[in-house]
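Colleague: Could you take one spot in this protein and walk me through it closely? I'd like to hear about a single residue and its neighbours, then how the rest of the chain looks around that.

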Amino acid sequence: MSSTTGADVLTQGTGYGVVLGIGFVFAIIMMGLSTLQNRYTTYKISTSEEFNTASRSVKPGLIASGIVSAWTWAATLLQSSTVTYEYGLCAGYYYAAGATIQIFVMAILAVRVKQIAPYCHTFLEIIHARYGNTAHFMFATFGLVVNLIVSSMLLLGGSAVVNAFTGMNIYAANFLIPLGVCIYVILGGLRATFLCDYSHTLILMILIFYFFFWTYTRADLIGGFEGMYNLLQQASIERPVAGNQDGSYLTLKSNYGLTFMIIQITGGFGTVMLDQGYWQRAIASEAKTAVRAYLMGGIAWFAVPLTFSSIMGLAAVALANSPSFPYPGGLTAAEINAGLAAPAGVVTLLGSGGAAAMLILLFMAVTSAASSEMIATSSILTFDLYQIHFKPDVRENQSLPRTHIDGDIQASPESLIRVSHIMVAVWALVMSSVASLWIGIGVSLNWLFLFSGTLFTGAVGPVIFSVVWRQQTKEAAISGALGGVVVGIIAWLTVAKMYYGELTIATTGLMYPNLAGNLGACCSGAIISAVVTLIKPDNEFDWSATKRINPRAREMDRRQATLPDSASGSGSDSPVEKEKQEGATADVASAIDDITIDTPAEEYAELQKSLRVATWASLTLTFIVLFLIPIPMFLSHYVFSLNFFRGWIIICVMWLFVAAGITSVLPLWESRAAIKDIFLGMVRDMFGGAAQKSAIETSNTDA
């Protein structure tokens, strides 16, 4: 499958221009931002702590924007519209609800990370500190598999749409899309991904608003809210949806839609809990605001698939029989699996201009999520493989023996930053190659999206227990993860064979086999781990090993705290800026052996309060989006009236306005002081430099 024909409304030159041009524009912008950051702030991207953790100082608005950006894949826009095309309006809601609760749960885990491992770089370092090398290698494999599947899914969706709109070679798109992303991530590190996440999310919001107002207020083919409602009613008569109340596209009573949500919940837990990109944001956030960041991020992200699918997914349903529809007679199974419902709706409504806007929108989604995957994978390969296992560096303290002490004899800052850069580039090549492999063997975005959870969600329970349950043992973690995979694959294949009589790509990609596989893997992994732990719990573990992770950063913070206020407040004395100098002299041995590693009582009390808030808020929001809203409407078999449909769409777009405020306005407000400092610094450099030059010239003239 090298191409997807039917909607070639733009030239190949446009495709190459968007893929290469916008990518390199962002790379150039990132060069400028990195220069300003290095020149006018205390955060230097040449240090490993800043490159990989953004110095653990990012404010909640920017974290929330980064969460929305990282969780808005090509699949978010394409798959939510595809399932809406298949199952109706309910599917957009079920997509959003099924993938939001994981972010709420991450709010709880973000606080736990701050409590038990405040200086870690990755969640896998916690696994290593608790369970040693064997478990660490196994869970690192799970983490890399998740990153690989997510990264390749990003490219599968993005390249399919670029090919469909422009005719650009789909394999070329797979390799060229990550190129610009790779460059700006290498130039700016994690903070660069946050800044580009912000700009990508801003463009995303603007374009979704554009699509909404055009579709529901300007498009003659639709005819406003009433016209859309009537077209969907007609579609229900001509193409009734199996399993929906009265075959309607305007109901939450959808058997397949609800099944899809369950798959989305279980698979989503795997792609969040095992993806270092989401832990990276917890690590990068300020301890006191981590909960707020994740809760706001979840609330904001919910609006993206909900609103977008209610625009372009429904437009594709309503206009499938229109002469302007680029795929006569509606989408085929192959076109549905490629995620082309939303592109078809855009082209029908807006022609080549809409295609260009959709291309930019998807490019923003693909590249912003890809940048998160690159920096996350780079962190795993750098800190969990290179630093811990392959080349521990003892130059920090020559008196230390060349032995392994809790995995914390670290490589030098110079080698860490160099390896991080190399791994970003390597991952860009790997993700492109794997995406091309999927296309070559005929695996679609839809198939991969539904199946992927079967492969790795068995490890979700053990990973969560590793952070919240002191008594979980190494044996429980390993057996739970592996047992979950085995149960999931057996259930997946068994149901496919029993229901459909054969095992093919087509039958294994259907809804019920993937429901069995995802549920079997996720539930059995947690159950096995819990049972093994309860049989023989670890009553000795006290989190001290995880609190000792990354002694260099802890020692540097401790030294910084002892400096006079005047010194600590200056840019030249920041712990990040002085990483190379202080890191070379930090007494790592004393940091490892120091028993005073517990969090100060006042800070611990604040974290405990945040944990309670996160737990109750997450449970409440989860109950609302998973039960309070959809279940009564499902059980009542309610089919939307015109007024209810109008109110539903208006609430969706109002929610999107709230999301835009969180992701686009709040980060600017929080960063107003830093923006002011950079601006004043630039003014001083420009006018101060000119004044100094004038003074020198005057002095020379007088002489």
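Modeller: Sure, let's start with Thr533. Leaving aside residues up to four places away in sequence, Thr533 touches Trp469, Gln471, Gln472, Thr473 and Ala476. Keep in mind that this is a predicted model. Thr533 itself sits in helix H20, which covers residues 511-535. Is Thr533 buried or exposed? With a relative accessible area of 0%, Thr533 counts as buried, because the cut-off for that label is under 20%.

One of those partners, Ala476, falls within helix H18, which spans residues 474-500. Follow H18 to residue 500 and you get to Tyr500, and here the picture changes: Tyr500 is partly exposed, at 32% relative accessible area. That label applies because partly exposed means between the 20% and 50% cut-offs. Tyr500 also belongs to a nonpolar surface patch, along with Met498, Tyr499 and Leu510. Together these residues offer about 450 Å² of accessible area.

Now zoom out to the whole protein. There are 29 helices and 0 strands, so H18 and H20 are part of a fold with helices and no strands under the DSSP assignment. Of the 703 residues, 61% are buried, and Thr533 is one of the buried residues. Among contacts with a separation of 6 or more, 84% join residues 24 or more positions apart. As for the outside, the accessible surface comes to about 25300 Å², and carbon and sulfur atoms account for 66% of that.

Definitions and conventions: Residues are numbered from 1 along each chain as its sequence is written. This is a predicted model: local features need pLDDT of at least 70, side-chain atom pairs count only at pLDDT 80 or more; totals for chains, interfaces and linings use all residues. Side-chain values use heavy atoms; hydrogens and water are left out. Helices (H or I, at least four residues) and strands (E, at least two) are DSSP runs, numbered from the N terminus. Buried means under 20% relative accessible area, exposed over 50%, partly exposed in between (1.4 Å probe, protein chains only). Contact means heavy atoms within 4.5 Å. Accessible areas come from the Shrake-Rupley method with a 1.4 Å probe; for residues, only the protein chains shown count as cover. Patches are made of residues with over 30% relative accessible area and no salt bridge: like charges are joined within 9 Å, nonpolar side chains (Val, Leu, Ile, Met, Phe, Trp, Tyr) within 5 Å. A salt bridge is a side-chain nitrogen of Lys or Arg within 4 Å of a carboxyl oxygen of Asp or Glu.
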